[in-house]
Amino acid sequence: MTKKIDNAYITLFVVALALCLMPIVLPKAGLALATEFCVVLTIALAWNLLGGFSGIVLIGMPLFIGIGGYTLYIVANFLAVPPYPVIAICGVVSAVLAYVLSPLLFRLQGAQLAIGSWVLAEIARLLCLVTPAVGAGGGLNLEVMKSVARSWRLSLNFASAALVLFVTLLTIVVLLKSRFGLGLRAMRDSDAAAEAMGVRTSRVRLYTLVLAAGLSSAAGACYYITSIQITPNSAFSQNWIAMTIFIVILGGIGSVEGPSFGAIVYFLLRETLSGLGPGYFVISGLLAIVVTIFLPEGVWGLVRRVIRIDLLPVAHKPSTEPPALPSAHLQTQEILS
């Protein structure tokens, strides 16, 4: 009997195909917007892995985004190499930083953890503001971009952001389909119950934090490649986390598809209503309140009711095969028969 192809991998193939076609079909302005979309969606997916699937609510995610940007500028300028291969280094640096900070962060819980992570992001911002080696308040310029031909920059920027996004999606889908993902959601529902089931919650938290930090840092590096300049106030801005939480809640927290739909709605609102000034923020805030009250599953929950299919299913399906009997039990049955 042939196995049915999982919907998740079909969707991932379609996403990969769409990302490959975008540089061909989109104009320059559209490709620049698509690059930003890939960056924002990657960060939203990484935060959703923490807040939506494991119950770890961090508002200090700008710490890793900013570290990714600064690492890119420092390493690329120092080595005088094109910045694109350095993106992987940025992810590794933030993953290591998350590992080092994890004992401090996980001594806190709930609101204390959220505020503690924000304090760390603010400390990083203040350190960069007073450190001449990283440009202090004036920040840094990406000098090595002068060696990259202007005609290639837009395509390379998009390719980098698209690759990081696809790796993030693939990693999250594979991870959540594994036993690790099952333990992750068990931990979100109840720490005590997860421990009783044999889940090493401390290890699961650590791995999830390290992964989310690395992915969001790589996305931040992709963003600051396009801006050519980085400053402490922009790199560690809390606007990053405000935008991320808005997207995740709007799309549907605790689902893989949710952040994608939330990001689409966010960009549609921004591109159509940003000319209203303060009115844009009022409308966005009211929309978030309405969705939270009347659509707790977000936009994706509403879409799912209509199409009645999971685009990226990650739930574990119970096995239909009967459990194998222990060999000792089989021998006993043979003796009795």
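These are my notebook entries on a predicted model of a single protein.

**Entry 1. Overall form**

I began with the secondary structure and counted 15 helices and two strands. I then looked up the extent of the C-alpha trace, which spans about 85 × 45 × 40 Å along the principal axes of the protein. For 337 residues, a compact globule would have a radius of gyration near 20 Å, and the value I found for the protein is 22 Å, which agrees. Of the 337 residues, 44% are buried. I also checked how far apart in sequence the contacting residues lie. Among contacts between residues at least 6 apart in sequence, 77% join residues at least 24 apart.

**Entry 2. The nonpolar core**

Which residues have the most contacts inside the largest nonpolar core? I noted Tyr70, Leu72, Ile87, Leu176 and Val256, within a core of 92 residues. Helix 2 (residues 28-51) gives the largest share of this core, with 13 residues.

**Entry 3. Helix 7 and arginine 205**

I next listed the buried residues of helix 7 (residues 179-189) and recorded Gly181, Gly183, Leu184, Arg185, Ala186 and Met187. Their cover includes helix 2, helix 6 (150-177), helix 8 (191-196) and helix 9.

One of these buried residues, Met187, reappeared when I turned to arginine 205, which it touches. Arginine 205 has its place in helix 9. Is this arginine buried or exposed? Its relative accessibility is 19%, so I entered arginine 205 as buried, the cut-off for that class being under 20%. Apart from residues up to four places away in sequence, arginine 205 touches Ile56, Phe106, Met187 and Asp191.

**Entry 4. Glycine 214**

I stayed with helix 9 (residues 201-227), where glycine 214 also lies. Glycine 214 counts as buried because its relative accessibility is 11%. With its neighbours within four places in sequence left aside, I found glycine 214 in contact with Gly91 and Ala95. I then took the separation from leucine 97: the two residues are 117 residues apart in sequence, and their C-alpha atoms are 9.2 Å apart in space.

**Entry 5. Aromatic pairs**

I searched the whole structure for aromatic pairs and obtained ten. For tyrosine 223 and tyrosine 224, the ring centres are 5.0 Å apart and the planes stand at 90°, so I recorded the pair as edge-to-face. The two partners fall into separate exposure classes: tyrosine 223 is partly exposed, with a relative accessible area of 27%, whereas tyrosine 224 is buried at 2% relative accessibility.

A second pair that I looked up is tyrosine 266 with phenylalanine 267. Their ring centres are 5.3 Å apart with the planes at 85°, so this pair is edge-to-face as well. Tyrosine 266 and phenylalanine 267 are both buried. I traced them into one aromatic cluster, formed by Phe37, Phe246, Tyr266 and Phe267.

**Entry 6. Methionine 243**

Tyr266 led me on to methionine 243, which touches both Val40 and Tyr266 when residues up to four places away in sequence are not counted. Methionine 243 is found in helix 11. Its relative accessible area is 14%, so methionine 243 is buried. I also took a separation along the chain for comparison with space: methionine 243 and glycine 139 are 104 residues apart along the chain, and their C-alpha atoms are separated by 23 Å.

**Entry 7. Helix 13**

I closed with helix 13 (residues 278-294). Its 17 residues should span 24 Å at 1.5 Å a residue, and I found its end C-alpha atoms 24 Å apart, which agrees. Which residues of helix 13 are buried? I listed Tyr280, Ser284 and Val291. These residues cover an arc of only 30° around the axis, which means that they lie on the same side of helix 13. On the other side of the helix, I found Pro278, Val282, Leu286, Ile293 and Phe294 exposed.

Last, I looked up what covers the buried residues of helix 13. The cover includes helix 11 (239-251), helix 12 (257-273) and helix 14 (298-307). Helix 11 is thus entered twice in these notes, as part of this cover and as the place of methionine 243.

Key. Residues numbered from 1 in each chain as written. Predicted model: local features only at pLDDT ≥ 70, side-chain atom pairs only at ≥ 80, totals over all residues. Heavy atoms only, no water. Helix = DSSP H or I, 4+ residues; strand = E, 2+ residues; numbered from the N terminus. Expected span 1.5 Å × (residues − 1). Buried < 20%, exposed > 50% of the residue type's maximum accessible area, 1.4 Å probe, protein only. Arc of directions from axis to C-beta. Contact = heavy atoms within 4.5 Å. Phe/Tyr/Trp six-rings, centres within 6.5 Å; stacked < 30°, edge-to-face > 60°. Core = buried A, V, L, I, M, F, W, Y, C linked by side-chain atoms within 4.5 Å. Rg over C-alpha atoms; globule rule 2.2 N^0.38 Å.
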